[in-house]
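Here is a short note to read with the model open beside you. Take the points in order.

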Amino acid sequence: SDGITFAAVRGLRSAANQFFSWDLLQAHPETSTKDSASRAVVTLGCLPTDSLGFAFMSNGMRRRLGDASKPSKAILHRHVQWIDAFLLQAYLRSNDPEHRAELARAALVNLAAWLGWLRAMEVFSLQWADVTVLEPEDGPVMDLPATTGAVSFRLLPQTKSDRTKTADVILAYNTSSGFSLGLWLHRLCDSLGVAEFPTDSSDLFVDRDGTRWTSLYFRSTYLIPL
């Protein structure tokens with residue numbers, strides 16, 4: 001008994017606990033779980049995510065990968081401003097209409113998402129029929145000051161009360177910090193070779209082959225590299 005230590009006994013106990021827990025999991029995979037004291041028990045039934053197997057997987061991943069979260073980086077005014085200026089210079093240098101349309105769409109995402117505090121789903125689901133542009137010279141028509149325009153978005157049905165009556169988000173045509181959502185919409189139309197803003201249900205943000213943009217595409221192609 002002089003050669004037996006508490007650590008040795010504790011190790012044997014842990015090994016036995018692991019063995020019998022694994023045995024319990026094999027014998028009762030759908031009803032074995034852990035209670036509030038982290039004891040393996042058999043119940044009448046539990047959700048798959050509460051089962052003993054899921055607990056083993058979660059604990060194993062936590063030990064090997066860690067559970068420290070990586071907080072999101074806030075997009076600041078200087079980031080949006082730099083991206084806007086970069087895309088404008090690239091737009092002005094390009095002679096390819098399709099490339100210019102791509103850059104204009106990227107600039108619109110950059111401004112619309114930030115100025116409107118829009119979620120990715122709300123931005124990339126926009127169709128031309130959802131966009132209304134009030135030119136600055138027409139501001140007084142909507143009881144706005146002279147030279148004050150606006151760009152209005154109608155969002156997805158689940159984010160609005162009535163799709164047919166009111167816009168969900170109204171943004172300035174030009175901002176005091178120099179952003180111009182309205183001008184980028186005109187640049188997109190010029191690149192597409194259309195004189196007026198389309199009013200059909202075609203997607204606003206699409207690839208050359210008509211594939212709708214996604215948050216992953218914009219982040220990996222423009223936001224993160226820039």
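The points below cover a helix pair, a sheet and how they meet.

1. First, a caution. This is a predicted model. Read every value below as computed from that model.

2. Start with two helices. Helix α3 spans residues 77-93, and helix α6 spans residues 181-192. Their axes come within 13 Å. They cross at roughly 25°. Angles under 35 degrees count as roughly parallel, so α3 and α6 are roughly parallel to each other. The crossing of α3 and α6 is left-handed.

3. Now look at the side of each helix that faces its partner. Which residues of α3 and α6 make the contact? From α3 come D84, L87, L88 and Y91. From α6 come W184, R187, D190 and S191. The contact is mixed in character: four of its residues are nonpolar, one is polar and three are charged.

4. Turn to the sheet. It is open and has three strands, in the order β3-β4-β5. The pairing is antiparallel. The edge strands are β3 (131-134) and β5 (169-172), and each pairs on one side only. On average, neighbouring strands are turned by 20° against each other, ignoring direction.

5. Zoom in on one strand pair. Strand β4 covers residues 150-153. Four bridges join β3 and β4 in the antiparallel sense. What is the bridge partner of L134 in β4? It is A150.

6. Finally, put helix and sheet together. Helix α6 lies across β3, β4 and β5. It runs at about 75° to β4. Recall that α6 also makes a contact with α3, through residues including W184 and R187.

Note on methods: Residues numbered from 1 in each chain as written. Predicted model: local features only at pLDDT ≥ 70, side-chain atom pairs only at ≥ 80, totals over all residues. Heavy atoms only, no water. Axes fitted to C-alpha atoms, helices over the stretch in contact; angles between N-to-C directions. Parallel < 35°, antiparallel > 145°, perpendicular 65-115°, else oblique. Left-handed = near helix turned anticlockwise from the far one by under 90°. Contact = heavy atoms within 4.5 Å. Nonpolar A, V, L, I, M, F, W, Y, C, P; charged D, E, K, R; others polar. Pairing = 2+ DSSP bridges.
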